[in-house]
Each structure stands twice: as C-alpha cells, then as structure tokens.
Amino acid sequence: MLVGATLSLSGPFQRQGEQAHDGLRLWVDHATDVRDGPAPRLIVLDDRSRASLAREHVRRLLVEEQVDVLVGPYSSGLVLAVAPVASAAGKVLWNHGGTSDAIFQQGGRHVVSVASPASDYLRNLPGWVRRHAPGASRVGILRAASGTFAGHVARGAAEGARAAGFTEIRVIGFESPLRDAKAVVRKAVEWELDLLIGAGAFPDDLAIARQRGALPPETPLALVGAGLAAFGEELGGLAEGIMGPSQWEPTAGEAPLTGPDSGWFAGAFERAFHRTPEYPAAQAFTAGLIFEECRRRCGGSLEDAALLGTARTLETTTFYGAFRLDPSTGRQVGHGIRLVQWLGGRKRVIG
C-alpha cells in the first residue's frame, strides 16, 4: 500500500508541516504493527508552503506514483488548492490540516476531514467570557483580510458573541503579514472592549500579543495561535492569560473506540522524535486511523468510492476526539474544539 502526501517541510508552514510529517510516520509504524500484510510505504513531497507546488505534487502522486492513499497538506489555502485535483481524479483526500469552511462550501466532495471547521474555533469563547463577566457586551475581532481561514474564524466568533448576548461587535481587517500591530491594537483600545479576538497567521498573532500592553489589563485576549506550544515558547511571560482554541490536548483525551489512547500516542511520539506532539501531528495520525477504520469496514478495499461512502457514515472516537461527518457536505461535526489559556507558563484546558 502506497501512501502519498504533500506537506510543508519548508516555508511559513514548516513547523506544522514537520509535526504532520512525524504524525504520519508514526501512523505508518503503528499500522505496520497492528495489521496483517505488507507495511504501508510513505512518500512525502515538500510543497514549500506554496499552493502551486502542492497542486503539482498531488498530480505527481496521482499520475506518476499512483498512490493508493492521498493525504492532504497543512493549511486551508493549500487544501483548497489541491482538493479540486483530487476530486477530478475521484480520489479521496484524507484531510488533516485544512479547516476553512470554504473547503466544504466549494464542494469538497472527496475530502474526509478529521478537524473541526474554522468557524467553530472561537464560537464558544464569548459564552465562556460572559459566564465569568456577565456584564461583558463589546467584542472586537482583528482578522487577516487575505485567505478564507481567518474570515471563517471571525464569523464563528461573531455568531458566538451574538448568541452569548454581546451587543456590540466590531471587526478590523488587516493585511497579513501584519506590519503595524501597534496601530491595530490601539484602534481596538478606543472601543473600550470587554473581549479582543485575533485571527491571522501565526506571526500575526505573535505581533498582536507583543502589543498587549496597550490593552487594559482586565481585557481578555484570545488568539488562534495560542493553541500551539510554540506560542508560549516565542512569547514567554507575554503569553500569560492569553486564550485560544486547540483541536487536541493530550491531557483532555477521550477513551477511544478506534486506535490507541492519548497516552500511547504522546509517549510513542516523544520516543520516536524526541519532542512533544502538537495538534498537527495528532491530526495527521488520526487521518491515518480513520482511513484504516474505513478500510477495515470495507473488507480491506482501497477503492475510493467505497472508502468515501464509509467515511460519510462513520461514527467513532479516537484519542483525538469524536469523528462524524455531515453526510451531505462532508463537514466535520463530531469533533469538538478545546479552549485553552496560558497560565503559569503552561497551556491549560479551560473549556
């Protein structure tokens, strides 16, 4: 069985791409240990974080390598670039790293996603804030103007704010990379906010966090990038108190119906790669688990139509959380987002 993937082993998404690569490598080892027959063989091509190269790689994997299993890249933009190529070939794209709602709105008919969509990232945050500060009514959202991911995060946060009872919602768009975070944060301060949310690329979130001193100390700050351990590593004490979304935390794992538990995954990852796994690694490993479960239920078949049909009806849990797709759109509706906060120099699950 030949497994092919395009991943960002260089460029802006290198950190996440390398985690995903190691997650896939660990899954191949795990699949070799638990299944009969030849070990899966993995081919990974470096797309350098570029959409055009990711598309080229997927075509190569499908036409020249004739892979049995096609694993997508990290980043919503790259997944949006390659999904039509997979769909045109009738090939399932096992998606671990693209969460923009646009993937499903644009007809990702052959995409099987394990992660929650971007619009759910911070949807529950305003409700959490209101439970701790019932008088909170004004929220500001800073969002990158380019791409689709940040826009969907912002939309979900705004919808969550309205549902929670916030009466004033203001949005500032900025060009990514963010060149003048100070000016953007100062504009937000003028609104006398009860909550400030930032949704951009990881460097944008770091830039906003470094200007948090302009905010009143009591103003809660949430940034998408706060879900990564690298956020705390980069910022040190400046990360303290900042909240964010996380697709997976090893301390909050569920008892799985499919595959190993979080303790096994974290321990095996650390032994193999001498570092702590983050959610991109967990997502990539989980994509492999879901593929294997679908294949098992298909009697060992590698036929894409059968695998896709099985995935659309599959309901299970892995160490990563629940898996269930909307059968009409393919949107992941089973998995839930965790809310985390940096406290005492550590990322802690708070919701």
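Arg 210 counts as partly exposed at 42% relative accessibility, a label that covers values between buried (under 20% relative accessible area) and exposed (over 50%), taken with a 1.4 Å probe on protein chains only. This is a predicted model, in which local features need pLDDT of at least 70 and side-chain atom pairs count only at pLDDT 80 or more, while totals for chains, interfaces and linings use all residues. Residues are numbered from 1 along each chain as its sequence is written, and side-chain values use heavy atoms, leaving out hydrogens and water.

**Salt bridges**

Arg 210 forms a salt bridge with Glu 234, the term meaning a side-chain nitrogen of Lys or Arg within 4 Å of a carboxyl oxygen of Asp or Glu. By this rule the count comes to 18, and three of these pairs are set out below.

| Pair | Closest N to O | Relative accessible area |
|---|---|---|
| Arg 210 and Glu 234 | 3.9 Å | 42% and 40% |
| Asp 304 and Lys 91 | 3.1 Å | 11% and 10% |
| Glu 168 and Arg 170 | 2.9 Å | 28% and 35% |

Asp 304 and Lys 91 both count as buried, whereas Glu 168 is partly exposed, as is Arg 170. In addition, Asp 101, Asp 120, Arg 123, Arg 155, Glu 159 and Arg 331 are linked in a network of salt bridges.

**Helix H2**

Helices are DSSP runs of H or I with at least four residues, and strands are runs of E with at least two, numbered from the N terminus. Helix H2, residues 51-63, has buried residues Leu 53, Ala 54, His 57, Val 58, Leu 61 and Leu 62. The elements that cover these buried residues include strands E1 (2-7), E2 (41-46) and E3 (69-71) and helix H3 (76-88), where contact means heavy atoms within 4.5 Å.

Key. The expected span of a helix is 1.5 Å times one less than its number of residues.
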